[in-house]
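Trainee: Got a minute to walk me through this one? I'd like to go element by element.

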Amino acid sequence: MFTWRIAALSDKENNLKFLVSEEELRRQEEYSDLVRTVLSSRYPLGKPKAFVHTYGCQGNVADGERIEGMLVNMGYELTQEADGADLVLYNTCAIREHAEDRVFGNLGALKPIKKKNPDMIIALCGCMMQQKHIADRIYKSFPYVDLLFGTHVIHKLPELMYRTICTGRRVFDITDSDGSIAEGLPIHRDGSFKAWLPIMYGCNNFCSYCIVPYVRGRERSRDFDTVVSEAKSLVEQGYKEITLLGQNVNSYNRELGSEYGFPALLRAINAIDGDFIIRFMTSNPKDCTKELLDTMADCEKVAKHLHLPVQSGNSRVLKAMNRKYDREKYLSLIEYAYSVMPELSITSDIIVGFPGETYEEFKDTLSLVEKVRYTSLYTFIFSARKGTRAYDMEDPVPREEKGRWFRELTDLQEKIAGERTAQMKGRVYRVLCEEKAKKEGMISGRTQGNVIVEFPADESVIGTFQNVKVTDCRTWIVNGELVK
């Protein structure tokens with residue numbers, strides 16, 4: 001049986017006020033034991049099956065791994081199919097309307113499955129559920145949903161499950177708070193050589209289009225030594241890639257100064273013995289510093305890949321977005337980053353058609369993309385989120401027109417990406433081999449710069465680093481061959 005680790009209380013005041021208490025963690029462990037006892041009596045012929053599906057960002061994926069860990073600890077066996085599962089749990093995302101639409105569509109598809117198996121528990125959690133208007137809609141329009149909980153009470157899943165199973169009543173908990181840090185929760189990692197490592201939660205930035213601060217709470221950093229210890233444990237377990245996660249990792253331990261800040265954390269993890277690579281996301285330009293860029297350049301285990309979301313290339317639009325930097329500051333960061341890391345791969349997020357944006361302002365985004373020459377972009381047409389300031393902003397440009405701007409941007413980035421990958425031909429890259437490619441006999445992996453490489457090899461190389469020479473280049477993917 002998994003023994004819940006009770007985190008030692010840090011003497012750092014910022015962590016103390018967010019830490020879930022030892023008493024509360026023990027209480028949840030007791031509920032976990034109770035659920036396991038109930039399930040063993042209800043399913044005497046084998047373990048009940050739980051299907052967990054996570055939508056959205058890597059932070060949600062990390063939450064999903066903890067949810068799966070708690071469910072396994074409660075006596076569930078994980079399955080990859082909703083049909084036939086005894087518990088179906090959707091861990092949701094609220095960042096764009098499309099993500100919410102997918103959840104409602106998949107939730108509707110569960111109705112006939114629930115009718116066929118009335119004892120099946122349907123549960124919803126995550127960012128989408130932390131919004132009261134969404135929770136109210138679920139309660140009224142989807143009566144077959146048994147359990148709903150928000151982002152601030154994930155650690156209470158054993159208690160919520162016990163109430164759901166034993167009372168037969170619907171359980172909804174979207175407690176609103178500044179957030180919490182629950183250390184020592186059991187984790188069921190989805191991979192054996194790539195790991196997500198949250199270093200902080202929440203956001204204080206309140207970008208005018210973003211719902212995250214409202215559903216994830218305020219910024220709160222995990223204890224420095226705890227994070228380093230967890231990273232060391234992952235390396236000892238054989239993980240080859242560790243991705244540090246936070247809504248804005250640059251804000252990590254901001255109030256404690258440089259001794260415990262994000263660059264210091266990178267250096268501490270980089271000093272761990274072992275052959276592994278460190279990635280991180282997301283990095284907000286307003287807090288990106290030369291110290292961070294110098295640290296990336298100095299640390300041989302830190303991937304030379306920077307995801308630095310710009311959102312717009314126009315300073316007026318950036319101010320309306322409440323991004324707290326302008327075009328000039330962003331470009332100066334890029335210039336310095338390239339000066340200390342000439343081989344740096346930069347990716348970004350861009351919103352097309354923010355309320356009030358004109359085509360002339362959008363052209364500033366195109367020119368910025370030309371200057372920076374990103375490896376790849378995550379591009380989105382503006383999606384209004386209820387509860388944000390941008391939701392009520394005047395938005396006169398028709399979506400059809402925004403669609404034309406969007407295609408102009410993606411065409412430009414496709415051209416740049418093709419030119420960048422063409423420069424890779426003939427060069428040798430160290431690649432982490434990740435999985436079988438779609439084509440028979442091929443393996444897919446990624447360079448430090450996060451470029452996908454496909455090459456012929458045996459499946460035994462998956463989970464290892466290999467040197468690969470690029471032989472052919474497509475727009476987003478390159479082909480290669482192993483270098484012995």
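Mentor: Sure. Keep in mind that this is a predicted model. Let's begin with a hairpin: β15 and β16 make one, with five residues between the two strands. Glycine 441 sits in the turn, with a positive phi of about 85°.

Trainee: How many bridges do β15 and β16 share, and in which sense do they pair?

Mentor: Four bridges, in the antiparallel sense, with β16 covering residues 442-446. For a register check, glutamate 435 is opposite serine 444 in β16.

Trainee: What about β15 and β18?

Mentor: β15 (residues 428-436) runs antiparallel to β18 (residues 465-473), and five bridges join them. Arginine 430 has asparagine 467 of β18 as its bridge partner.

Trainee: And which larger arrangement do these strands belong to?

Mentor: A barrel. Five strands close up in the order β15-β16-β17-β19-β18, and the pairing is mixed. From one strand to the next, the twist averages 55°.

Trainee: Where's the parallel part of that mix?

Mentor: Look at β17 (residues 452-456) and β19 (residues 477-482), which pair in the parallel sense over three bridges. There, valine 453 faces valine 478 of β19 as its opposite number.

Trainee: OK, switching topic. What's the strand order in the open sheet?

Mentor: β2-β1-β3-β4-β5-β6, six strands with parallel pairing. The edges are β2 (77-78) and β6 (171-173); each has a single partner strand, so one side of each lacks a neighbour in the sheet.

Trainee: How many bridges hold β4 to β5?

Mentor: Two, between β4 (residues 121-126) and β5 (residues 147-149), which run parallel. Alanine 123 has leucine 147 in β5 as its bridge partner.

Trainee: Which helices lie across that sheet?

Mentor: Among them are α3 and α4. Helix α3 (residues 58-73) lies across β1, β2, β3 and β4, at about 155° to β3. Helix α4 (residues 97-109) lies across β1, β3 and β4, at about 170° to β3.

Trainee: Any aromatic pairs worth a look around α4?

Mentor: Yes, the structure holds 14 aromatic pairs, and one of interest is phenylalanine 104 with phenylalanine 142. Their ring centres are 5.8 Å apart and their planes are at 20°, so the pair counts as stacked, the cut-off being under 30 degrees. Phenylalanine 104 is in helix α4, while phenylalanine 142 is in the loop between α6 (132-141) and β5, 38 residues apart.

Trainee: Are those two rings buried or exposed?

Mentor: Phenylalanine 104 counts as buried at 11% relative accessibility, and phenylalanine 142 counts as buried at 11% too. Ring pairs also bring in Tyr144, giving a cluster of Phe104, Phe142 and Tyr144.

Trainee: One more: what's the packing angle between α2 and α7?

Mentor: About 35°, with the axes of α2 (residues 22-42) and α7 (residues 157-167) 7 Å apart. The crossing is left-handed. On the α2 side the contact includes Tyr31, Leu34, Val35 and Val38, and on the α7 side it includes Met161, Tyr162 and Ile165.

Trainee: What's the makeup of that contact by class?

Mentor: 11 nonpolar, two polar and four charged residues.

Trainee: Threonine 37 is in α2 as well. Buried or exposed?

Mentor: Threonine 37 counts as exposed, because its relative accessibility is 53% and the cut-off is over 50%. For scale, its C-alpha lies 40 Å from that of isoleucine 269, which is 232 residues away along the chain.

Key. Residues numbered from 1 in each chain as written. Predicted model: local features only at pLDDT ≥ 70, side-chain atom pairs only at ≥ 80, totals over all residues. Heavy atoms only, no water. Axes fitted to C-alpha atoms, helices over the stretch in contact; angles between N-to-C directions. Left-handed = near helix turned anticlockwise from the far one by under 90°. Contact = heavy atoms within 4.5 Å. Nonpolar A, V, L, I, M, F, W, Y, C, P; charged D, E, K, R; others polar. Pairing = 2+ DSSP bridges. Buried < 20%, exposed > 50% of the residue type's maximum accessible area, 1.4 Å probe, protein only. Phe/Tyr/Trp six-rings, centres within 6.5 Å; stacked < 30°, edge-to-face > 60°.
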